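Subject: Structure handover

Hi there,

Here is the structure I promised to pass on to you. Have a look at it in your viewer first, and then read on for my notes.

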Amino acid sequence: MAARENAVSDQSIYALQDLVKKIALKEKIEESREFASDVQSALHSGLAAKNPGLRDRGVRRAPFIVLIGANMPSILAEISFVSNPEDERKLKTPEYRQRVAESLYRGIAKYVNGLSGVRVASKIDKSSGQ
């Protein structure tokens, strides 16, 4: 009798573990989508300021290998296309790379500020190195 009860119990535990994994995956996907949206919005607004007519390519979902094993919300951000001569020219300028970096920071900060109990680092003071 004990063996029969344990067999049912083992099946229930595996079913429960599977359910918990599915819930966690769904939550991670939703959080990643929110994260991607915040970063995309910040990137577009930060780069469109000096590039009027810049197209907002939006957020897309795809099963990238580098993101599959992540246990936290995760995204990939396409900044520019090196196959595009205009993008290549811009990427060579420190000003453009700085705007990209600051836009990424703003998107990440917006996402993190929406989380409870998490703080984002402030900008570095260049004069003191802190």
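Below is what I found, starting with the whole chain and then turning to two places in the first helix.

Please keep in mind that this is a predicted model. The protein chain has 4 helices and 0 strands, and its pattern along the sequence reads α-α-α-α. It has 130 residues, of which 21% count as buried. The accessible surface comes to about 10200 Å², with 57% of that belonging to carbon and sulfur atoms. If we take contacts between residues at least 6 apart in sequence, 59% of them join residues at least 24 apart.

Now to helix H1, which covers residues 2-48 and includes Val-20. Together with Leu-16, Leu-19 and Ile-23, Val-20 makes a nonpolar surface patch of about 390 Å². Val-20 counts as partly exposed because its relative accessibility is 48%, and the partly exposed class runs from 20% to 50%.

Glu-31 sits in helix H1 too, and you may enjoy this one. Which side chain of opposite charge is nearest to Glu-31? That is Lys-26, 11 Å away, and Glu-31 is buried without a salt bridge. What Glu-31 does have is a polar contact of 2.7 Å between its side chain and that of Tyr-111. Leaving aside residues up to four places away in sequence, Glu-31 touches Pro-73 and Leu-115 as well as Tyr-111.

Happy to talk it through whenever suits you.

Best wishes

Technical notes
Residues numbered from 1 in each chain as written. Predicted model: local features only at pLDDT ≥ 70, side-chain atom pairs only at ≥ 80, totals over all residues. Heavy atoms only, no water. Patch = residues over 30% accessible without salt bridge, like charges linked within 9 Å, V, L, I, M, F, W, Y side chains within 5 Å. Areas by Shrake-Rupley, 256 points an atom, 1.4 Å probe, with all protein chains shown as cover. Salt bridge = Lys/Arg side-chain N within 4 Å of Asp/Glu carboxyl O. Buried < 20%, exposed > 50% of the residue type's maximum accessible area, 1.4 Å probe, protein only. Contact = heavy atoms within 4.5 Å. Lys, Arg positive; Asp, Glu negative; His and termini not counted. Polar contact = N/O pair within 3.5 Å; in protein donor to acceptor, adjacent residues only side chain to side chain.
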